[in-house]
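Visitor: Hi, I'm new to this one. Could you walk me through it?
Guide: Sure, let's bring it up and begin.

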Amino acid sequence: GPYPPALLALWDAWAEKNDCLNDRPDMFDSSQAFVVFVFENGGQDLERATLRDPEEARIILFQITAALAAAEGCFEFEHRDMHWGNVLLDSERPCQAGDEYRVGRKRLVLNEACARGPKVTLIDFTLSRMRLAGEGQESVFFDLEADLELFEGEGDSQFDVYRAMRDAVERMWSRFEPRSNALWIEYTAEKLLCEKQYGKRKGAKQALTALKQFRARAGRQASAMSLLDDPYFETLFETVVA
């Protein structure tokens, strides 16, 4: 049915205080069906989060890259909408040494260097693509050609990523093209480099130089999985072959 007035009032209150790009939910008619998802609190979104230093940026990028790489290997997954509002940081529940990601037959075990960074959660899989388990290996995806406004946006680099993804998949959105994940990682590195302020701690200049170099390399990679071998991450984890 139509969106409840009480929820519309809450939506309006949030939109008034925040920079909201979404359509007001009263646009849906009485035939609209809704699904409610209940998740744990993943923390503050990256756009509004405050970081202590560039080392936190490195730990954030590693978690994003490792999560996407694991999903690529298991499900041929592409996020396809990983702007910095869809990256959550939980500083109250930081990474722990010993936490691990399983990528193929490898276990990436986080070490003490990773333990000082916030825990990362990726959200909003509306535009995502993945392969279902089973013999048919059917893919689930959203045809972005149904929302052409995505490719007409200006003023933020996220719109450049939509256009670059479109070129990569040649408008065939059912196709697995993990380069899209690398494009979003490059975008995130750019945001962390150009739109975050860091204190002048010891080693900050060198860390920012390393972040800048990583951003340049990320855009040339074919997948998140290939980025795991980047030297930018090499001191954050140990690899255990299963």
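Visitor: Let me start with one residue: is Glu170 buried or exposed?
Guide: Glu170 counts as exposed, at 52% relative accessibility. Buried means under 20% relative accessible area, exposed means over 50%, and partly exposed is in between, using a 1.4 Å probe and protein chains only. One caution up front: this is a predicted model, where local features need pLDDT of at least 70, side-chain atom pairs count only at pLDDT 80 or more, and totals for chains, interfaces and linings use all residues. Residues are numbered from 1 along each chain as its sequence is written, and side-chain values use heavy atoms, with hydrogens and water left out.

Visitor: Okay, and where is Glu170 in the chain?
Guide: Glu170 is in the loop between α3 (157–169) and α4 (179–194). Helices (H or I, at least four residues) and strands (E, at least two) are DSSP runs, numbered from the N terminus. Glu170 also has a positive phi of about 55°, although it is not a glycine. Most residues other than glycine have a negative phi.

Visitor: Which loop holds Arg80?
Guide: Arg80 is in the loop between α2 and β2 (87–90). Arg80 has a positive phi of about 70° and is not a glycine. Arg80 counts as buried, at 0% relative accessibility.

Visitor: Let's zoom out. How many helices and strands are there?
Guide: The chain has 6 helices and 8 strands. Starting at the N terminus, the elements go α-β-α-β-β-β-β-β-β-α-α-α-α-β.

Visitor: What are the dimensions of the box that the C-alpha atoms fill?
Guide: Roughly 55 × 45 × 35 Å, taken along the principal axes. The chain's radius of gyration is 19 Å, which agrees with the value near 18 Å for a compact globule with 242 residues. That radius is taken over C-alpha atoms, and the globule rule is 2.2 Å times the number of residues to the power 0.38. Buried residues make up 41% of the 242 residues.

Visitor: Now the helices. At what angle do α2 and α5 pack?
Guide: Helix α2 (residues 54–75) and helix α5 (residues 204–218) pack at about 30°, with their axes 9 Å apart. That makes α2 roughly parallel to α5. Angles under 35 degrees count as roughly parallel, over 145 as roughly antiparallel, 65 to 115 as roughly perpendicular and the rest as oblique. Axes are lines fitted to C-alpha atoms, for helices over the stretch in contact, and angles run from 0 to 180 degrees between N-to-C directions.

Visitor: Which residues meet there?
Guide: From α2 you have Pro54, Ala57 and Leu61, which meet Ala204, Ala207, Leu208, Leu211 and Phe214 in α5. Contact means heavy atoms within 4.5 Å.

Visitor: And the sheet: in what order do the 3 strands come?
Guide: The order is β3-β4-β8, an open sheet with antiparallel pairing. Two strands pair if DSSP finds at least two bridges between them. β3 (100–103) and β8 (237–241) are at the edges with a single partner strand each, so one side of each is left without a neighbour in the sheet. The twist averages 25° from one strand to the next.

Visitor: How many bridges join β3 to β4?
Guide: 4 bridges join β3 to strand β4 (residues 106–110). Tyr101, for instance, has Leu108 in β4 as its bridge partner. Helix α2 lies across β3, β4 and β8, running at about 35° to β3.
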